[in-house]
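Open the model in your viewer and keep the sequence panel beside it. This tour goes from stop to stop, saying what to select and what is there.

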Amino acid sequence: KNKWGKEYPYAFKSWENNWEVLCPFYKFPEQIRKIIYTTNIIEGLHRQFRKVTKAKAVFPSDTSLEKMLYLASMNVIKKWTQRYRNWDQVMSQLMIMYDGRLDYYI
């Protein structure tokens with residue numbers, strides 16, 4: 001805060017006001033935190049959703065919209081080939097933290 005507080009006062013105020021929400025994030029190991037705050041994959045998925053819904057102004061029903069988004073997500077998932085660096089370590093850490101919830105990845 002001493003170093004950056006004067007340059008970014010609103011950011012520090014936001015951190016201080018929301019510390020209860022931010023604090024649990026720092027309980028994760030650094031490798032897991034990096035995956036959590038890296039949003040490129042999420043932004044890419046949202047971009048594809050906008051792309052397929054932009055052409056249609058109105059959908060006949062909520063179900064038709066859900067189907068369109070589902071099909072778009074299946075196409076996007078096929079293109080996901082990038083593995084995270086140290087993914088095996090990350091999975092090991094997650095399996096320890098969430099014992100019994102990630103066993104199907106073994």
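Start by selecting Leu69: not counting residues up to four places away in sequence, it touches Phe49, Val52 and Thr53. Keep in mind that what you see is a predicted model. Leu69 has its place in helix α5, which covers residues 62-79. Is Leu69 buried, partly exposed or exposed? Leu69 has a relative accessible area of 23%. Buried would require a value under 20%, so Leu69 counts as partly exposed.

Now add Gln93 to the selection and draw a distance between the two C-alpha atoms. Leu69 and Gln93 are 24 residues apart in sequence, and 32 Å separates their C-alpha atoms in space.

**Along the same helix**

Select Ser73, which is also placed in helix α5. Which residues does Ser73 contact, leaving aside its neighbours within four places in sequence? They are Leu45 and Phe49. Phe49 was already on your screen as one of the residues touched by Leu69. Ser73 has a relative accessible area of 14% and is buried, because the limit for that word is under 20%.

Go on to Lys79, another residue of helix α5. Lys79 is exposed, at a relative accessible area of 64%; the word applies because the value is over 50%.

**A positive patch**

Keep Lys79 and add Arg47, Arg50 and Lys51: together these four residues form a positive surface patch. Which helix gives the largest share of the positive patch? Helix α4, residues 40-54, supplies three residues. Colour helix α4 and helix α5 differently to see the patch against both, since Lys79 lies in helix α5.

**A nonpolar patch**

Clear the selection and pick Trp15, Trp19 and Tyr26. These residues make a nonpolar surface patch of about 320 Å². Look at Tyr26 by itself: it is found in the loop between α2 (19-22) and α3 (30-37). Tyr26 counts as partly exposed, at 36% relative accessibility.

**The salt bridge**

How many salt bridges does the count come to? The count is one. To find it, show the side chains of Glu16 and Lys1, which meet in a salt bridge at 2.5 Å, N to O. Glu16 is in helix α1 (residues 9-17) and Lys1 is in the segment before α1, so the pair ties together parts that are 15 residues apart in sequence. Of the two partners, Glu16 is partly exposed with a relative accessible area of 47%, and Lys1 is exposed with 58%.

Stay in the segment before α1 and select Tyr8, which lies there. Tyr8 counts as partly exposed, at 41% relative accessibility. Add Val58 and draw another C-alpha distance. The two residues are 50 residues apart along the chain, and their C-alpha atoms are separated by 42 Å.

**Last stop: helix α6**

Select Met97, whose place is in helix α6 (residues 87-97). What does Met97 contact, once its neighbours within four places in sequence are left aside? The contacts are Phe28, Pro29 and Ile32. Draw one more C-alpha distance, from Met97 to Phe28: the atoms are separated by 9.0 Å, although the residues are 69 residues apart along the chain. Met97 is partly exposed, with a relative accessible area of 36%.

Note on methods. Residues numbered from 1 in each chain as written. Predicted model: local features only at pLDDT ≥ 70, side-chain atom pairs only at ≥ 80, totals over all residues. Heavy atoms only, no water. Helix = DSSP H or I, 4+ residues; strand = E, 2+ residues; numbered from the N terminus. Buried < 20%, exposed > 50% of the residue type's maximum accessible area, 1.4 Å probe, protein only. Contact = heavy atoms within 4.5 Å. Patch = residues over 30% accessible without salt bridge, like charges linked within 9 Å, V, L, I, M, F, W, Y side chains within 5 Å. Areas by Shrake-Rupley, 256 points an atom, 1.4 Å probe, with all protein chains shown as cover. Lys, Arg positive; Asp, Glu negative; His and termini not counted. Charge placed at Lys NZ, Arg CZ, Asp CG, Glu CD.
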